[in-house]
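Please load the model in your viewer and keep the selection panel at hand, since this tour goes from one selection to the next.

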Amino acid sequence: MNCSKSMIMEIEKLEEETGIRKCIRCGKCTASCTLAEICPDFSYRESPRGIIESVKRDYRIIFDQAIWECLECEECTRQCVSGIDYRRFIKGLRQIAIKCGVIPEGVKCTRCGRKFISVKTMNFIINRTQSSENLKSLLKICPVCRQRIYLKNWHGLKNWA
Ligand code: SF4
Ligand code: SF4
């Protein structure tokens, strides 16, 4: 798969806007990355610094599953000494990947069908929480649908009161 010229321009714009080119390769982001705890096979390839380096080398990284592992927790952004907004960068990269026809692997929300979390992360949460069947089915609802359910219940309660 190849990126079209317009997609390359979008990636370049994203690099500019998020400050990716200011990276000094200090590695603080990767040292603090939450993925290291979640993924037993956490590798440099899927780390923030690794993704930044890959993007610089070859824009075809957008076709790689590695860009879908990040949890968007923002820890690396908080740690970055160059003020790089990695969270915004990875989100933008994913949007571009989808426009290029990439279908990421992931767990589908049982309500809306949208893939919202990587398989690795879901397995980690289920194992760590030793989830009951009830909790497992709740975890498989994406945050947007969960919020809708809460709001619906909340308004129901307010009307009832
Ligand atoms: S936002 Fe992503 S890359 Fe950054 S620390 Fe969190 S999981 Fe790691
Ligand atoms: S913390 Fe910032 S400057 Fe350091 S490697 Fe990560 S992105 Fe680059």
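Begin with ligand 1, where helix H5 (75-79) and helix H6 (86-99) each supply at least two residues of the surrounding shell; helices here are DSSP runs of H or I with at least four residues, numbered from the N terminus. This is a predicted model, in which local features need pLDDT of at least 70 and side-chain atom pairs count only at pLDDT 80 or more, while totals for chains, interfaces and linings use all residues. Residues are numbered from 1 along each chain as its sequence is written, and chains are lettered from A and ligands numbered from 1 in the order in which they are written.

Around ligand 1 there are 13 residues, the closest being Cys33, Cys70, Cys73, Glu75 and Cys76, where a residue counts if its C-beta atom, placed from the backbone, lies within 6 Å of the ligand.

Next, select H6 and colour Tyr86, Phe89, Ile90, Leu93, Ile96 and Ala97, which are buried, that is, with 20 or more other C-beta atoms within 10 Å of their own, C-beta atoms being placed from the backbone. They cover an arc of only 120° around the axis, taken from the directions from the helix axis to the C-beta atoms, and therefore lie on the same side of H6. Just after H6, look at Gly101, which takes a positive phi of about 95°.

Finally, move to ligand 2, where Cys23, Cys26, Lys28, Cys29 and Cys80 come nearest among the 15 residues around it. H2 and H4 are the elements that give two or more residues to this shell, and H4 gives the most, with three.

Notes
A residue is buried if 20 or more other C-beta atoms lie within 10 Å of its own, exposed if 12 or fewer, and partly exposed in between; C-beta atoms are placed from the backbone.
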